[in-house]
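Good morning, and thank you for making time for this item. Please have the sequence and the coordinates open on your screens while I speak.

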Amino acid sequence: MTKKSLKKQVIHLLAVTVLTTSSLGGAVLATTPVASAATVSQSKIKINEKTAVKKFNKQFKNVKVDEIQLETKGNKFVYEISGSDNQKEYSAHVNTKSGKVTNAHSEPVDNGDQKTHLDLDKLISRKKANQIAEKAAKNGKGQSWTLENENGTPVWEVEVVNGHKSTDVKINAQSKEVLNVEQDD
């Protein structure tokens, strides 16, 4: 999407918000974000999940990764990685362009939580999961990704966006099997 067409889209959304606001007597009804995830290009993702985990592990030594999310924050993609050891849970954001680690913090482990760690060497990549998800959804582009264990199975959940419609696709991260396809309107 060009800067010019994005600017037109933003102006249109702002105009619709203003018209909606005035017709409701000042009450704001804005359900569409000004810059949706569909406007952020995957080409901005410069590092893969394995590199992001290496950056996370430089910040937190001897921590096993439990979950990886890749989502848009403003106009850029950011990895949100969480992990744990026997005493603490850790989380941090990793910039997909620079690899810079931010928002790093830890807290004591809640003894009721049973974490299952991910072994990225045995799992398909985010790129492969994205290809499978886009094919399963039939239309659209992947815009957010989560890798976590569900009932002992590592699963990639990919949100595929096509205009205002999105499709959530769950994929077994070991066997590449599509587990579930669910459309949101």
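Among contacts in the chain between residues at least 6 apart in sequence, 44% join residues at least 24 apart. I should say at once that the model is predicted. The chain has 185 residues, of which 34% count as buried. About 11,600 Å² is exposed, and carbon and sulfur atoms supply 47% of that area.

Let me turn to the order of the elements. There are three helices and eight strands in the chain. Read from the N terminus, they follow the order α-α-β-β-β-β-α-β-β-β-β.

I take the strands β5, β6 and β7 next. Strand β5 covers residues 141-150 and β7 covers residues 165-172, while β6 covers residues 153-162. β5 and β6 run antiparallel and are joined by nine bridges. Within that pairing, leucine 147 has tryptophan 156 in β6 as its bridge partner. The two strands form a hairpin with two residues between them, and asparagine 151 in the turn has a positive phi of about 55°.

On the other side of the topic, β6 and β7 also run antiparallel, with eight bridges between them. Here valine 158 stands opposite valine 169 in β7. These strands too form a hairpin with two residues between them, and in this turn glycine 163 has a positive phi of about 65°.

Which residues touch the most other members of the largest nonpolar core? They are Phe56, Ile68, Tyr79, Ile81, Leu147, Trp156 and Ile171, in a core of 33 residues. The elements that contribute two or more residues to this core are α2 (49-59), β1 (64-73), β2 (76-84), β3 (88-95), α3 (126-137), β5, β6 and β7. The largest share, four residues, comes from α3. Leu147 and Trp156, named in that core list, are also the bridge partners I mentioned a moment ago.

Isoleucine 171 deserves a closer look. Setting aside neighbours within four places in sequence, isoleucine 171 is in contact with Ile124, Ala129, Ile132, Ala133, Pro154, Val155, Trp156, Val158, Lys176, Glu177, Val178 and Leu179. Trp156 and Val158 in that list have already come up in the strand pairings, as the partner of leucine 147 and as the residue opposite valine 169.

Now to the aromatic residues. A search of the whole structure finds three aromatic pairs. In one of them, the ring centres of phenylalanine 60 and tyrosine 90 are 4.8 Å apart and the planes are at 45°, so the pair is tilted. Phenylalanine 60 is in the loop between α2 and β1 and tyrosine 90 is in strand β3, so that the pair links distant parts of the chain, 30 residues apart. Both phenylalanine 60 and tyrosine 90 are buried. Ring pairs also bring in Phe56, giving a cluster of Phe56, Phe60 and Tyr90.

How many salt bridges are there? The count comes to four, and I shall describe some of them. Glutamate 150 forms a salt bridge with lysine 170, with the closest N and O atoms 3.3 Å apart. Glutamate 150 lies in β5 and lysine 170 in β7, so the pair ties together parts that are 20 residues apart in sequence. Glutamate 150 is partly exposed, at 26% relative accessibility, and lysine 170 is likewise partly exposed, at 23%.

In another salt bridge, the side chains of glutamate 80 and lysine 73 meet at 2.8 Å, N to O. Is glutamate 80 buried or exposed? Glutamate 80 counts as buried because its relative accessibility is 19%, and buried means under 20%. Its partner, lysine 73, counts as partly exposed at 36%.

Aspartate 119 forms a salt bridge with lysine 122, and here the closest N and O atoms are 3.9 Å apart. The cut-off is within 4 Å, so this pair counts. Aspartate 119 is partly exposed, with a relative accessible area of 35%, whereas lysine 122 is exposed at 59%.

I close with one further lysine. Lysine 127 lies in helix α3 and counts as exposed, at 60% relative accessibility. Lysine 127 and tryptophan 145 are 18 residues apart in sequence, and their C-alpha atoms are 9.9 Å apart in space.

Conventions. Residues are numbered from 1 along each chain as its sequence is written. This is a predicted model: local features need pLDDT of at least 70, side-chain atom pairs count only at pLDDT 80 or more; totals for chains, interfaces and linings use all residues. Side-chain values use heavy atoms; hydrogens and water are left out. Buried means under 20% relative accessible area, exposed over 50%, partly exposed in between (1.4 Å probe, protein chains only). Two strands pair if DSSP finds at least two bridges between them. A nonpolar core is a set of buried Ala, Val, Leu, Ile, Met, Phe, Trp, Tyr and Cys residues joined through side-chain atoms within 4.5 Å. Contact means heavy atoms within 4.5 Å. Accessible areas come from the Shrake-Rupley method with a 1.4 Å probe; for residues, only the protein chains shown count as cover. Rings of Phe, Tyr and Trp (its six-membered ring) pair if their centres lie within 6.5 Å; planes under 30 degrees apart count as stacked, over 60 as edge-to-face and the rest as tilted.
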